[in-house]
Amino acid sequence: MLFRREYNGCKTFSCVNCGNPDPALYSRSSRLGYAAWHCPECGAYPPELSNPPILALAEQIAQTRIPDVSPLIWCCAQPLFVKYGLTRSGSPRVQCIHCRKVHTLANPNTLSKQLQPLLDGLLAGISPVDLAAELTLSNKVFSERMAKLTCLLSTVMTRVEISALSQKVSPIVQTRSHVQVCRSGLSRAANKQAETHVWTLTSVDARTGYVYLISDNVLLSADNASCLEAGHYVPRVKEQGIDSEANVLSRAEKTYAKIMARTQFDELAYCHEKHGQIAKGALLRPVYAAHAHMQILYQQLANTSSVYLLLEHESFVRGAAITAFDTRVKNVTANLYYWHVAADIDADRVSEPQQKTLSWWNEKWFRTNSEREGQHYQIALGYLTPRVSQPPKNADSLFPSELDWNAVFWQDFDHWLPPSHAAKLSMERVRQWQTVYRYLHNIVWSKKPRLPIYKTMKPISVESLVALENTLSVALVADISSGSEK
Ligand SMILES: [Zn+2]
Ligand SMILES: [Zn+2]
């Protein structure tokens, strides 16, 4: 997949250099005590980034979204397929009419026999903790089937997204971080190491709760270690949260202060030292994970008419978003906001919207109130792009359903796969459970699928899903067949 190659450059909204990677526009500087590229136009000092860790993480996510079918499918420059009967075991075959090569596709019956019991078990309420034992599967067989099932579900979700996220839609997306627990794989005694804490970023549709993307800062195949070294997360003393601050505008103010107090803006210490290492692969700095996440999200939403991104108040999440969406920000088809939300329990409830201008960047913040099912909430919205001067009248329309879908999703997930159990699982396995849960949440467990699905798709039938994927993956030409079928 193609990603932006250069991540350094200005990230200030409305600066002429914003998003422009040309190094000739900037000068290197360590004036603020860290390596930065100074932008002479707006005066910003964005911290220097190393590109390989971002690209490695982005590639890693891309591979799980649509498996690499190219050796099978791209037999020649312009493959065109017709049905070509079945193999003896019942796998469908297709032939390329240009190069005459015959390809065998996945077998819906075989996969259904292997994978349907897993899905049925989970739908019957068996916990992921007990699934392998309940199905009396050995570790090896269970691992193989989990890999196949998650590959299938992930691919199907990608197909659904491609067909649903068209010119007709303008999604509002809530992006927030979450800390996921997994096994460190390091010996406790020697390393004083407990379970690993993984910085995870999630983007959820604000209207429907559809989870577009979950990604994290673990690079599993960290072979080219030297070029990635700059990307490694160095555990430090964990930063204090500001959730205890009741007023959302004060929360915004304290968040800016917290970010400014770091050695550099993007140096987030999200976990204690004993949780900051992993044996297999490498834990990378959250800023790199944020850039990789936004590269993928940008591609997922590429065909939509406009996008509203409600971002966690974290400067490097904003930096990653504006870097990925820079052309769309410029033509105003992407709008970026920060937001805080809190239950309104204090006495200083206000009826009029309040506003404040905060930070070095003079970002405008507004506080509004919202009532959901009898509960009062305060919302603070920071307008990053486009800038506004008056309190917006439509702030509430940015929150058409849940105020924080990420909280809802992760609370349910942690109930389904408790952190105490996740702490015993490899990150690979934890990701598989995240994928399965994302599928159930997005397509199966809601009243109706959270994005429109294909008419022929039966969401809880493995056979139907495999057949759909076979059809879509080869873009089968009309059934010229019967004559050519053998
Ligand atoms: Zn600039
Ligand atoms: Zn061919």
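Look along the sequence for the cysteines that serve zinc ion (ligand 1) and you'll find the spacing C-x4-C-x23-C-x2-C. In this predicted model, those donors are C10, C15, C39 and C42, each binding through its SG atom at 2.3 Å. The angles that the four donor atoms subtend around this ion run from 104 to 116°, so the arrangement is tetrahedral. The ideal value for four tetrahedral donors, for reference, is 109.5 degrees.

Now pick out C15 and C42 at the zinc ion (ligand 1) site. This pair ties together distant parts of the chain, 27 residues apart: C15 sits in the segment before β1 (27–29), while C42 belongs to the loop between β2 (36–38) and α1 (51–65). How buried or exposed are they? C15 has a relative accessible area of 9%, and because that is under the 20% cut-off, C15 is buried. C42, at 24%, counts as partly exposed.

Then move on to zinc ion (ligand 2). Here the donor spacing reads C-C-x19-C-x2-C, and the SG atoms of C75, C76, C96 and C99 lie 2.3 to 2.4 Å from the metal. What arrangement do these four donor atoms make? Their angles span 99 to 123°, and with all of them between 85 and 135 degrees, the arrangement is tetrahedral.

As for the two donors that open that spacing pattern, C75 is partly exposed at 25% relative accessible area, and C76 is partly exposed too, at 22%.

Conventions
Residues are numbered from 1 along each chain as its sequence is written. Chains are lettered from A and ligands numbered from 1 in the order in which they are written. This is a predicted model: local features need pLDDT of at least 70, side-chain atom pairs count only at pLDDT 80 or more; totals for chains, interfaces and linings use all residues. Side-chain values use heavy atoms; hydrogens and water are left out. Donors are N, O and S atoms within 2.8 Å of the metal (3.2 Å for Na, K and Ca); water is not among the atoms, so sites may look incomplete. Four donors count as tetrahedral if all angles lie between 85 and 135 degrees; four count as square planar and six as octahedral if opposite donors are over 155 degrees apart and all others between 65 and 115; anything else is irregular. Buried means under 20% relative accessible area, exposed over 50%, partly exposed in between (1.4 Å probe, protein chains only). Helices (H or I, at least four residues) and strands (E, at least two) are DSSP runs, numbered from the N terminus.
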